Amino acid sequence: MKSYITTPIYYVNGSPHIGHAFTSVMADILKRNREALGYELMLSTGVDEHGQKNQEAAADLDMSVEEFLDMRGKEFRDVFDRLGIAYDYFVRTSREGHKTAVAGMEQSIFDKGLIVKKQYTGTYCKGCEEFKKESDLTEEGQCPLHPTMKVEQTDETNYFLKMEPYREKLLQHIADNPDFVQPEAFRNELKQMLAEPLEDLCISRPKTRVTLGVDLPFDPEFVTYVWFDALANYLTNIDWPQEGYEAWWAECEHLIGKDILKPHGVYWPIMLMAAGLPLPKKLSVHSHWVGAGGVKMSKSIGNVVDPIEVIEKLGVDALRWYLARNMRADSDSQISVDLITQSYNSELGNKIGNLLSRAAKFSKARFDGTVPAPGALSAEDEAIRKSVLEATSAMGDWINLADIPARMQSIITVADEMNNYFAEQAPWDLIKNEETRERCETVIYVTLDCLRVVMEALTQVIPTSAEKALRMLNAPEIARPWRPELDKLQGNGELGEIETLFPRVQ
Ligand code: MSP
């Protein structure tokens with residue numbers, strides 16, 4: 001069983017921001033989930049190095065393009081490493097093998113007569129690296145997504161891919177494969193995009209305007225349009241066109257933000273059809289993060305959330321948790337350092353970390369450094385054990401991008417129940433009398449064993465902290481495929497060193 005998950009490859013004109021961190025963290029969570037289920041995984045993330053925007057960003061810093069790309073590539077990679085993203089392949093589109101394969105794809109489409117050369121007058125947004133129709137622009141004639149980057153008027157000769165011959169076929173594919181685009185709101189949006197005849201797609205840029213790109217194989221005066229080049233990464237990462245890519249490609253799922261639905265839902269499938277290749281299995285689309293109060297993040301407002309700053313202040317898992325817990329696939333969600341701090345303190349700290357510290361420290365102090373062995377179970381013990389199994393069992397099933405926050409909600413709900421159980425059973429009272437000592441042992445065992453199950457589930461989301469917790473509990477290695485199972489902590493087994501998992505931050 002294989003699964004290939006991709007993230008968008010990010011423009012390197014600026015430093016990595018929370019949106020980039022987000023899609024890559026979600027991809028990592030899905031990877032860890034599928035690995036827990038026993039799948040073999042391929043996760044790609046990386047950078048989109050070509051195009052006018054990147055070229056101008058290098059020039060603005062007075063750097064050579066190579067130096068600039070190396071610097072940014074390293075910066076993105078470092079951030080993804082610090083975020084704990086277990087990517088299998090880090091994409092750089094400047095790689096020779098990628099460029100050769102892109103040229104090969106273009107040549108094969110050109111040879112079929114699907115690419116034509118013509119003169120075109122149009123409005124171009126560098127932010128999107130896309131031509132815009134008048135109806136795409138604001139009343140002031142600017143791009144709504146990049147209002148500060150003035151659109152440019154261009155009048156150029158370029159190469160164009162014919163799109164219209166594939167429109168009906170793509171609509172049919174969407175109708176036949178309801179899971180091709182998720183959630184449904186974006187599937188409908190894509191159908192809307194395909195409701196009218198499609199204009200030809202400009203796939204080149206004259207070198208007089210842009211030089212940073214893949215040379216067009218059939219005309220050296222031009223480079224390839226950055227989107228054509230970038231989309232092809234999904235195939236070149238798995239060594240297309242060399243043999244062996246097929247098994248991964250058949251299981252490919254693209255994670256994308258709603259801003260890039262059109263390139264992924266219209267351009268890419270049609271490029272693939274034109275090249276005679278199968279379409280990816282799925283596009284999983286998500287909405288965006290906005291600042292607190294629903295305000296768009298911007299440097300001038302000062303509400304931009306910098307992933308590195310959050311990691312340094314609160315730790316990587318505070319950020320991963322917040323993103324997983326609060327993301328919504330089909331509506332925008334709010335983020336700020338304050339919101340992340342609150343969720344870290346109240347959920348990870350108070351509900352999960354504290355319970356673990358209290359129960360484990362108690363056990364260590366009162367039972368000679370060990371987890372006691374349980375006696376007969378009461379109805380309350382049975383009830384909390386059942387709740388824990390129910391709350392975590394969905395983490396032993398396939399998770400779709402849109403399902404992530406509901407899974408986190410179940411974990412928080414059961415953490416509340418576990419805290420109630422612990423408070424009601426009051427092991428600190430039970431330990432006082434010889435007659436209730438055995439009962440105390442059972443309560444501590446049940447609590448720690450339930451925490452072990454929750455931590456096993458959380459290795460998919462906050463692996464650093466969850467693995468640390470499992471080491472404290474001296475829990476056995478996690479079996480694959482994973483299902484939540486009770487009674488895996490060894491009665492009378494030693495506990496490890498107990499540290500505070502989520503130290504409180506003001
Ligand atoms: N280079 C193209 C993608 C090519 S993929 C073949 C690109 N790059 S980008 O740097 O602009 O990144 C776009 C992606 O970043 C979005 O689709 C989304 O995954 C993520 N995000 C950027 N801003 C975001 C938010 N504010 N919130 C959530 N994610 C967003 O487009």
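**View 1. The second largest pocket of the predicted model.** The second largest pocket has a volume of about 200 Å³. This model is predicted. Its lining comes to 13 residues. His-50, Ser-94, Lys-99, Leu-212 and Gly-213 lie nearest the centre of this pocket. Two helices, α3 (65–82) and α4 (96–111), each supply at least two lining residues. Helix α3 gives the most, with four residues. By type, the lining of this pocket holds five nonpolar, three polar and five charged residues.

**View 2. The largest cavity and its lining.** How many cavities of 30 Å³ or more does a search of the whole structure find? The search finds one. The largest cavity holds about 30 Å³ of space. Residues that line this cavity include Gly-51, Gln-52, Tyr-124 and Glu-129. Further along the chain, Arg-205, Val-210 and Leu-212 line the cavity too. So do Val-223, Thr-224 and Val-226. The lining of the largest cavity divides into five nonpolar, three polar and two charged residues. Leu-212 is found in this lining, and Leu-212 also lies among the residues nearest the centre of the second largest pocket.

**View 3. A three-stranded open sheet.** Three strands form an open sheet in the order β9-β11-β10. Their pairing is antiparallel. Strands β9 (204–206) and β10 (215–216) stand at the edges; each has a single partner strand, so one side of each is left without a neighbour in the sheet. Strands of a sheet pair through backbone hydrogen bonds. Here, two bridges join β10 to β11 (residues 219–224). In one of the bridges, Asp-215 is partnered by Val-223 of β11. Val-223 also lines the largest cavity.

**View 4. Residues around the ligand.** The ligand has 23 residues around it. Which of them come nearest? They are Ile-9, Thr-23, Asp-48, Asp-259 and Trp-289. The shell divides into 11 nonpolar, 10 polar and two charged residues.

**View 5. Polar contacts and cover of the ligand.** Asp-48 has a side-chain N or O atom 2.7 Å from a nitrogen atom of the ligand. Asp-259 places a polar side-chain atom 3.0 Å from a ligand oxygen atom. For His-286, a polar side-chain atom lies 3.5 Å from an oxygen atom of the ligand. On its own, the ligand has 680 Å² of accessible area, and the protein covers 90% of this. Four elements give two or more residues to the shell: β1 (2–11), α1 (18–36), α7 (226–231) and α8 (233–236).

Terms used:
Residues are numbered from 1 along each chain as its sequence is written. This is a predicted model: local features need pLDDT of at least 70, side-chain atom pairs count only at pLDDT 80 or more; totals for chains, interfaces and linings use all residues. Side-chain values use heavy atoms; hydrogens and water are left out. Two strands pair if DSSP finds at least two bridges between them. A residue is near a molecule or strand if one of its heavy atoms lies within 4 Å of it. A polar contact is a pair of N or O atoms within 3.5 Å; within protein, one must be able to donate a hydrogen and the other to accept it, and residues adjacent in sequence count only if both atoms are side-chain atoms. Accessible areas come from the Shrake-Rupley method with a 1.4 Å probe; for residues, only the protein chains shown count as cover. Ala, Val, Leu, Ile, Met, Phe, Trp, Tyr, Cys and Pro count as nonpolar, Asp, Glu, Lys and Arg as charged, and the others, Gly among them, as polar. On a 1 Å grid over the protein atoms alone, a cavity is a set of points where a 1.4 Å probe fits but cannot get out, and a pocket is an open set with protein on both sides within 12 Å along at least five of seven lines; lining residues have an atom within 4 Å of a point. Grid points are joined across faces, edges and corners, and a volume is the space filled by probe spheres set on the points.
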